[in-house]
Amino acid sequence: MTKRLTIALVALVALVLVAVMPVSATFYSVNSTINAGATVYYGEQGLNITRALNVGSGVAADSTLSPTYSVLGWWASAAQINSTSPTYSVDTRANMQNMYILPSSFQSTGTWYLTDGNGHAVYDGNQPAAVFTLQDPSLAVVIWDADQALNVNGQSVIQGENLTFRIDNNMYAVINNNNLRTLNNETGYNTVRLDGNANDSSWYLDVKVKTDSGNTLTNLWAIPQGATATAASANVSLTKLGPTNGQFFVNALNGGSKVGSVGMNWSTGALDINGQQAYPAGTYQVYAESYMNGMFDNYKSGGASYTGKTVAETQTVTIVSNTVKIEANKDSVVRSKQFSVTITGKPNAVYHVWIKGVSTMGGAYDDQPPMIASGQAGVTFDPIVGNINGYDRTIVSDAVNASKINGNYAYQNGGGLNIVQDTSGKIAGNCLYASNGTLLYANVTMSQSGTRTVAFTTTNWTKAQKYTIRVEQFFGSSTGYKSDEVDVKVEKGAVTIVAAGDQSYYLGEEVKFSGTNTESQTTYLFITGPNLGAYGSAMAPADLNPRASANALPGGNTVPNTNLLVQAAVQGDNTWSYKWGTASIALDAGTYTVYATSQPSSSSADQLSKVAYGTVSIIVKKPFISATASQSTVAQGDAVYITGTRTGSALTGCHGLDPRQELCKHCNPVGELRRFVLVRDQEREYKGPLCRTVLHRCSAPHAEQPV
């Protein structure tokens, strides 16, 4: 009794739902006649399941007799159908020709079977009689770039791209198998729908496109790029669509295909009847709604449209003007540092990028342009082919490799010149560097979002000046050239130098030089001053004699050999340091200038103009010593004191005494001006007069006092 009461109550609820169901404002009647095994969806109304019930009842599907059985059952496990009662049951007797499929009555998706009303499955042969399979509808929309074969949801596309829409859904079963679901007015069957709606058709959803200004489009022009629309122009209808598979492309209607079917795609570059852009730059919203047998109105989520089921989540696409833009990450850069440019253009399109007007550069020191860094994603270079003047070069006239050569591109307003001729100076045979000029230009492929960042390298050989980076492509006669430029200034770095202390030193002392270098990884040092080369000399030559002519640096444009220069490594924070030991260096007293340069150089103006450098002046002094004896004549056994001063860094001692006698006491630690005392040990015995010589061990000068 309890089970029968439950079935009766469910049937009553279903009848009440039928009675109060509002008339649908948006309704597409679709194949409402249900045969056994068909798929139905939550939210559908007006379904006639009589045929499906008849098959299970053992009568002809199109019989006009009332089916023997009308109670449907759902089992959690199909394996237990023959031995258990259904988990849920619904009696369809009262509305089998006008069925509403709602979660309140049909509480689970899956296969619903025919039962005898007493909890037992009815069999069709050896198998339980399946009336229909219930599914929860799903619906999503993908904005598809038909030119690039890409999903562009949430992305930007260049005005002129051909777009379409992919409808991802599971509702296609309603029309793609007419043996399971058929029209309500099929010959010999119902002539009208009992829910009062129009006779069945083969479409069930609309796509909506909302413009930036808020109006909703129901059709889209499908005409060639730049063509002007007329009343007779082809267009893509967005209403009454009947997807026949789970990933259905709207442009597949009427014989189109998802890629390259320009005639059935949304032409974003179309012109309206006034010759204006039909689809101005802006963000467009796209979504889809399923009106299949009233599900849009019947199946709600808390009273709102059911996103993802009867209405697709809204997607956007931004149409941007058909332009290309290039921007640098900095306006100026110190040479030896990198900079980059970001290109924004047509997604997946290929653009030519090059450094303009550098064909006259020869590639020598301070005569190179920046170069495109190798190994970057989306950046391709020409192969190095051909031969000129003994060097492998990219040859414009190389017919065999012509199709591979990006540099063959004849740029706009170039007077017939191509990129190679504007960059690597191939005709003149100069600029033999940067992989023979091929790193001065490249083909750059945009990402799916239409951007690409390209890094450029500079060295201390890069000439300090302003450079223009150009991006360009020719997109055919209807679109023409698209290009842009950006300037980047390459500047010399700075080199600084300081000397520790007061910049006045005695020979023999150690001098520490330090500073910064923002242009190169090595700092080069040399010195100018009294009796040195006219353009400077080596500070620490192998023979320790900067005054020797062999250690003089050349003038003019002749760069000195690096073995004549002190080299100090530049650290990651751009600092450097060097300690100069002068104990053995042969220099005269006087004022000297120490140069720190970013490249090997002398003090020649021709050379210094090409490098970054700094200078510091120092004074070099000779050390000296003075000594005075406490008395010139002493008696045997008396103490003798020798006092005095000295300059320099070496120790002071005495000379001329019997080496077996320990008469000397050394001075205090290193200092510039020091006093000292030499004391005779009173326990020792002198025999005869002695000459005590007090000397500065690092130099020839000394002081003598007879004792």
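Which residues does Trp266 touch, not counting residues up to four places away in sequence? In this predicted model, the partners of Trp266 are Glu161, Asn162, Leu163, Phe165, Val209, Leu220, Trp221, Tyr279, Tyr284 and Ile319. Three of these names, Phe165, Tyr279 and Tyr284, return in an aromatic cluster that also holds Trp266.

Trp266 also belongs to the largest nonpolar core, which has 43 residues. Phe165, Val207, Val209 and Trp266 have the most contacts inside this core. Several elements each supply at least two of its residues. They are strand S9 (139-145), strand S12 (162-169), strand S14 (205-210), strand S20 (282-290), helix H3 (295-298) and strand S23 (315-320). Strand S20 gives the most, with four residues. Another core lies apart from this one and has 28 residues. Among its members are Val353, Met371, Leu439 and Tyr467.

The chain as a whole gives the setting. Its secondary structure comes to five helices and 49 strands. The chain has 707 residues, and buried residues make up 49% of them. Contacts between residues at least 6 apart in sequence were also examined. Of these, 70% join residues at least 24 apart. The accessible surface comes to about 31000 Å². Carbon and sulfur atoms account for 49% of that surface.

Aromatic pairing was searched across the whole structure, and 19 pairs were found. One of them joins Tyr299 and Tyr306. The centres of these two rings are 4.8 Å apart, with 55 degrees between the planes, and the pair is tilted. The two residues were also assessed for accessibility. Tyr299 has a relative accessibility of 7% and counts as buried. Tyr306, at 23%, counts as partly exposed. The cut-off for burial is under 20% relative accessible area, so Tyr306 falls outside the buried class.

A further pair is formed by Phe513 and Trp580. Their ring centres lie 6.2 Å apart and their planes meet at 35 degrees, so this pair is tilted. Phe513 lies in strand S38 (residues 510-516), and Trp580 lies in strand S41 (residues 575-581). The pair therefore ties together parts that are 67 residues apart in sequence. Phe513 is buried, at 0% relative accessibility. Trp580 is buried too, with a relative accessible area of 1%.

Lysine side chains also meet aromatic rings. The charged end of Lys300 sits over the ring of Phe296, 5.0 Å from the ring centre. Lys309 lies over the face of Tyr306, at 5.3 Å from the ring centre. Tyr306 thus has a lysine over its face and a ring partner in Tyr299.

Lys309 was examined further. This residue lies in the loop between strand S22 (304-305) and strand S23. Its relative accessible area is 17%, so Lys309 counts as buried. The side chains of Lys309 and Asp136 are joined by a polar contact of 2.6 Å. Neighbours within four places in sequence aside, Lys309 is in contact with Asp136, Pro137, Ser138, Leu139, Met171 and Tyr299. Asp136 is thus a contact partner of Lys309 and shares a polar contact with its side chain. Tyr299, another contact of Lys309, is the ring partner of Tyr306.

Notes: Residues are numbered from 1 along each chain as its sequence is written. This is a predicted model: local features need pLDDT of at least 70, side-chain atom pairs count only at pLDDT 80 or more; totals for chains, interfaces and linings use all residues. Side-chain values use heavy atoms; hydrogens and water are left out. Buried means under 20% relative accessible area, exposed over 50%, partly exposed in between (1.4 Å probe, protein chains only). Contact means heavy atoms within 4.5 Å. Accessible areas come from the Shrake-Rupley method with a 1.4 Å probe; for residues, only the protein chains shown count as cover. Rings of Phe, Tyr and Trp (its six-membered ring) pair if their centres lie within 6.5 Å; planes under 30 degrees apart count as stacked, over 60 as edge-to-face and the rest as tilted. A charge sits over a ring if NZ of Lys or CZ of Arg is within 6 Å of the ring centre and within 35 degrees of the ring normal. A nonpolar core is a set of buried Ala, Val, Leu, Ile, Met, Phe, Trp, Tyr and Cys residues joined through side-chain atoms within 4.5 Å. A polar contact is a pair of N or O atoms within 3.5 Å; within protein, one must be able to donate a hydrogen and the other to accept it, and residues adjacent in sequence count only if both atoms are side-chain atoms.
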